[in-house]
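Welcome, and please load the model in your viewer. We will go from stop to stop, with a selection to make at each one.

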Amino acid sequence: MLDDKELIVIGTAHVSKNSAEEVKTIIEEEKPDSVAIELCNSRYQSMQDQDRWKKTDIAKVVKEKKSFLLLANLILSSYQKRMAKQIGIQAGQEMLQAIESAKEIGAQLVLADRDIQVTFARIWGNLGFWGKTKLFFTLVLSIFSDEKITEEDLEKMKSGDMLTSALSELSKSFPQLKETLIDERDKFLAQKIKTAPGKKVVAVVGAGHVPGLKEAIKEDQDLVALSKIPPKKKTGKIIGWTISIVIIALMVSTIIVNRDAGLDQILAWILWNGSLSALGTIAALGHPLSILTAFFIAPVSSLNPILAAGWFAGLVEALVRKPKVFDFENLNEDVSSFKGFWKNRVTKILLVVVFANVGSSVGTFIGGAEVIRIFVKSFFG
């Protein structure tokens, strides 16, 4: 009980048959005024509209710099679906069951979770360069996972939720990730649940949220603050422009005293940036024109923090290999396998963007080091 409101919280495993059955039984027996579920509006719409991917403007996603967010969502969806497929049930079945049961008894449905895009944006904004790099590779490596798990194991894993499971290793290395991924969402869920309409509320959440909910629900939570996307740090741009100015200054200085050495610097910068960005595009199985675009754009974009080689390579990929209707139709199935991720034109575009950018970033460090080496050799020989 909370004041004059009865709150019934069901902690579930997100891909468990038993959890779905438990949800159905409790809602039918309790007949609450509201049913609050651990879904945000975007994920709810995704579950309700199976044809949503056909409406996706993938070029717009690239232009709005949301490629990584969409790719991360798809990878996490892949993780969940692989686990569900092993057991032979639909991922998120307990949420679907809660939605159906709420309709059957006439209860009001409350979407209680914070928008997944906000959660990822807050995670991304609070990580430094190396944290972002590790997050990216953790997500990508999860595609290769062929982990087998039984339903009995899932019941034992109720202390975690799907997002946490997919990023568990990163959570250990970066405690602040847990705060954004779990603690903040505990507070958000708690506030939405306690303010749900009616005297009796049944809440369906991942079991990992239950302990945090019990504490967070005792106090009023500021949903506006929890939904705020942190402004982009100026530090990154300052560092980026500083590196660009230093690299250009070193090249100009070297050319003045030793033209051949200066040309060697320029060549090293172009080759390292271009080659590694192109290599990233090749790893994503990008189109030859996308590979060439990454090669020629990376040396320039690396000197301008506002630009990124992956955006250009991704847009070219989207133009020359425009996703077909069947790519969107098969997206749900394709993201559940490594082969599907690299075959589907939608995910391939996202992979081209991200891999080309990663290659360009690595090329900046190596190429920059080579520029410095030649400068030092020319002046201090």
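Start by selecting Ala-268, which counts as buried because its relative accessibility is 12%, below the 20% cut-off for that class. Keep in mind throughout that you are looking at a predicted model. Ala-268 is found in helix H15. Now add Pro-299 to the selection: this residue is 31 residues from Ala-268 along the chain, and the two C-alpha atoms are separated by 9.9 Å.

**Helix H15 and what follows**

Extend the selection to residues 259-283, the whole of H15. How far apart are the end C-alpha atoms of this helix? They are 36 Å apart, which agrees with the 36 Å that 25 residues should span at 1.5 Å a residue. Next, colour the buried positions of H15, among them Ala-261, Gly-262, Gln-265, Trp-269, Asn-273 and Leu-276. Further along the helix, Ser-277, Ala-278, Gly-280 and Thr-281 are buried too.

Then move on to Leu-285, which follows H15 and lies in the loop between H15 and helix H16 (288-301). Its phi is near 60°, a positive value in a residue other than glycine. Leu-285 is partly exposed, with a relative accessible area of 45%.

**The sheet**

Switch to the strands now. Four of them form an open sheet in the order E1-E4-E2-E3, and the pairing is parallel. Which strands are at the edges? They are E1 (6-12) and E3, each of which pairs on one side only. On average, neighbouring strands of this sheet are turned by 20° against each other, with direction ignored.

Zoom in on strand E2, residues 34-37. Ser-34 and Ala-36 point one way from the strand, while Val-35 and Ile-37 point the other way. Are these four residues buried or exposed? All are buried.

Show both partners of E2 as well. Strand E3 (residues 108-111) runs parallel to E2 and is joined to it by 4 bridges; look for Ala-36 opposite Val-110 in E3. Strand E4 (residues 200-206) also runs parallel to E2, again with 4 bridges, and here Ser-34 stands opposite Val-201 in E4.

**The loop before E2**

Step back along the chain to Lys-31, in the loop between helix H1 (17-30) and E2. Lys-31 is a residue other than glycine with a positive phi, near 45°. At 56% relative accessibility, Lys-31 counts as exposed, since the cut-off for that class is over 50%.

**A proline in a loop**

Select Pro-230, found in the loop between helix H13 (223-226) and H14. With a relative accessible area of 24%, Pro-230 is partly exposed. Add Ala-121 to the view: Pro-230 and Ala-121 are 109 residues apart in sequence, and their C-alpha atoms are 7.8 Å apart in space.

**Last stop: a nonpolar patch**

Finish with a surface display. Select Ile-248, Val-252, Ile-256, Val-257, Ile-372, Val-376, Phe-379 and Phe-380, which make a nonpolar surface patch of about 770 Å². Which helices each supply at least two residues of the patch? Helix H14 (234-257) and helix H21 (345-380) do. For a single member, pick Val-257, which lies in H14; this residue is partly exposed, with a relative accessible area of 49%.

Key
Residues are numbered from 1 along each chain as its sequence is written. This is a predicted model: local features need pLDDT of at least 70, side-chain atom pairs count only at pLDDT 80 or more; totals for chains, interfaces and linings use all residues. Side-chain values use heavy atoms; hydrogens and water are left out. The expected span of a helix is 1.5 Å times one less than its number of residues. Buried means under 20% relative accessible area, exposed over 50%, partly exposed in between (1.4 Å probe, protein chains only). Two strands pair if DSSP finds at least two bridges between them. Patches are made of residues with over 30% relative accessible area and no salt bridge: like charges are joined within 9 Å, nonpolar side chains (Val, Leu, Ile, Met, Phe, Trp, Tyr) within 5 Å. Accessible areas come from the Shrake-Rupley method with a 1.4 Å probe; for residues, only the protein chains shown count as cover. A salt bridge is a side-chain nitrogen of Lys or Arg within 4 Å of a carboxyl oxygen of Asp or Glu. Axes are lines fitted to C-alpha atoms, for helices over the stretch in contact, and angles run from 0 to 180 degrees between N-to-C directions.
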